[in-house]
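Visitor: Put the model up on the screen, please. I'd like to go through its contacts with you.

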Amino acid sequence: LAQGSRAPLVIPSAYAHFGVMARPVLLPVVGVVAAIYAASVAFVGAPQGAPRVSRVPARVSAEYLERLGPKDSDVPFDAGQATGPGASVEFKKRPFGILRYQPGQGGKGAMAMEIIPKSRYPGDPQGQAFASGVQSGWVVASINGQNMLTEDFGKIMDLLDDEVADPRFSKSTALALEKQGGRLAEPAAAPLAVQFNSIPGYVYKGAEMKEDGQDGFAR
């Protein structure tokens with residue numbers, strides 16, 4: 001063959017009777033294969049049709065659990081069993097220094113989980129829980145004298161109104177409240193008298209809070 005010329009295209013005799021030229025058939029096939037390969041590369045690792053099961057209760061104050069939701073270390077509890085010693089606390093202002101609460105069985109009751117472990121300065125609102133001796137694993141027994149052990153978790157969160165303290169969540173809180181259809185209860189006026197009770201035999205297995213230079217405190 002002369003330089004620069006192409007070898008003649010040989011069509012197998014088995015296909016010759018169809019009258020199909022090889023080049024027009026080959027190019028579309030190559031294009032389709034390339035498109036399929038590109039699509040498979042672009043979606044490597046993406047689950048196809050995997051069902052998503054949400055463990056978040058449908059109605060929780062500002063969808064509190066969506067952003068500070070259940071952890072693997074959380075131990076289920078019955079709020080009605082919170083009959084042990086605890087502490088009576090007067091929160092003069094918000095936030096209280098409790099970063100997360102856990103709902104009890106059936107969505108009833110609320111347990112204090114991660115607590116900021118220090119008071120940074122006299123009167124530090126985020127050090128109120130720590131300074132008052134509140135411990136992780138204690139249950140909110142009452143707010144301003146009203147029994148909370150059988151109340152919905154969402155209502156307790158609305159009464160405490162503690163989850164809106166962090167400005168990083170203010171927008172998500174507003175959107176979640178709108179989606180929920182409003183509050184389940186109006187925030188209790190400060191100062192709040194909150195009684196915490198312990199559950200006999202309950203062992204807290206959650207993370208201990210550690211000071212973080214950027215975010216303040218982290219798990």
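Guide: One term before you start: "buried" means under 20% relative accessible area, "exposed" over 50% and "partly exposed" in between (1.4 Å probe, protein chains only). You're looking at a predicted model, where local features need pLDDT of at least 70, side-chain atom pairs count only at pLDDT 80 or more, and totals for chains, interfaces and linings use all residues. Residues are numbered from 1 along each chain as its sequence is written, and side-chain values use heavy atoms, leaving out hydrogens and water.

Visitor: Is Arg120 buried, partly exposed or exposed?

Guide: Arg120 makes a salt bridge (a Lys or Arg side-chain nitrogen within 4 Å of an Asp or Glu carboxyl oxygen) with Asp124, the closest N and O atoms being 2.9 Å apart. Asp124 has a relative accessible area of 3%, so that partner is buried. Arg120 itself has 46% relative accessibility, so the label is partly exposed.

Visitor: What pattern does the protein follow along the sequence?

Guide: Helices (H or I, at least four residues) and strands (E, at least two) are DSSP runs, numbered from the N terminus. The protein has 6 helices and 8 strands. Read along the sequence, they give α-α-α-β-β-β-α-β-β-α-α-β-β-β.

Visitor: How many bridges join E1 to E6?

Guide: Strands pair if DSSP finds at least two bridges between them. One bridge partnership is Ser88 with Gln195 in E6. E1 and E6 run antiparallel, and the number of bridges joining them is 6.

Visitor: What is the bridge partner of Val140 in E6?

Guide: Strand E4 (residues 139–143) pairs with E6 in the antiparallel sense over 4 bridges. E6 is mostly covered, with 5 of its 7 residues buried. The partner of Val140 there is Phe196.

Visitor: Why is the ring pair Phe91 and Phe96 put in its class?

Guide: Rings of Phe, Tyr and Trp (its six-membered ring) pair if their centres lie within 6.5 Å; planes under 30 degrees apart count as stacked, over 60 as edge-to-face and the rest as tilted. A search of the whole structure finds 2 aromatic pairs. For Phe91 and Phe96, the centres are 4.1 Å apart and the planes sit at 15°, so the pair is stacked.

Visitor: What about the rings of Phe91 and Phe196: stacked or edge-to-face?

Guide: Phe91 is buried, as is Phe196. Their ring centres are 6.3 Å apart and the planes are at 85°, so the class is edge-to-face.

Visitor: How many residues apart in sequence are the parts that Phe91 and Phe196 tie together?

Guide: Ring pairs link Phe91, Phe96 and Phe196 into a cluster. Phe91 lies in strand E1 (residues 84–91) and Phe196 in strand E6 (residues 192–198), so the separation in sequence of the parts they tie together is 105 residues.

Visitor: Which residues are joined into one network by salt bridges that share partners?

Guide: The whole structure has 8 salt bridges. In one of them, the side chains of Glu114 and Arg100 meet at 2.8 Å, N to O, and both residues are buried. Another is Arg183 with Asp161, whose closest N and O atoms are 3.0 Å apart; that pair links distant parts of the chain, 22 residues apart. The network formed through shared partners consists of Asp74, Arg100 and Glu114.

Visitor: Which element supplies the largest share of the largest nonpolar core?

Guide: A nonpolar core is a set of buried Ala, Val, Leu, Ile, Met, Phe, Trp, Tyr and Cys residues joined through side-chain atoms within 4.5 Å. The largest has 25 residues, and those with the most contacts inside it are Val140, Ile143, Leu160 and Phe196. E1, E3, E4, H5 and E6 each supply at least two of its residues. The largest share, 5 residues, comes from H5.

Visitor: Which residues does Leu160 touch, not counting those up to four places away in sequence?

Guide: Contact means heavy atoms within 4.5 Å. Leaving out residues up to four places away in sequence, the list for Leu160 is Arg94, Phe96, Tyr101, Val140, Ile143, Leu192 and Val194.

Visitor: What percentage of the protein's residues count as buried?

Guide: Nonpolar side chains tend to be buried together in soluble globular proteins. Here a second, separate core of 11 residues includes Phe77, Ile199, Tyr202 and Tyr204. Across the 219 residues of the protein, the buried portion is 35%.
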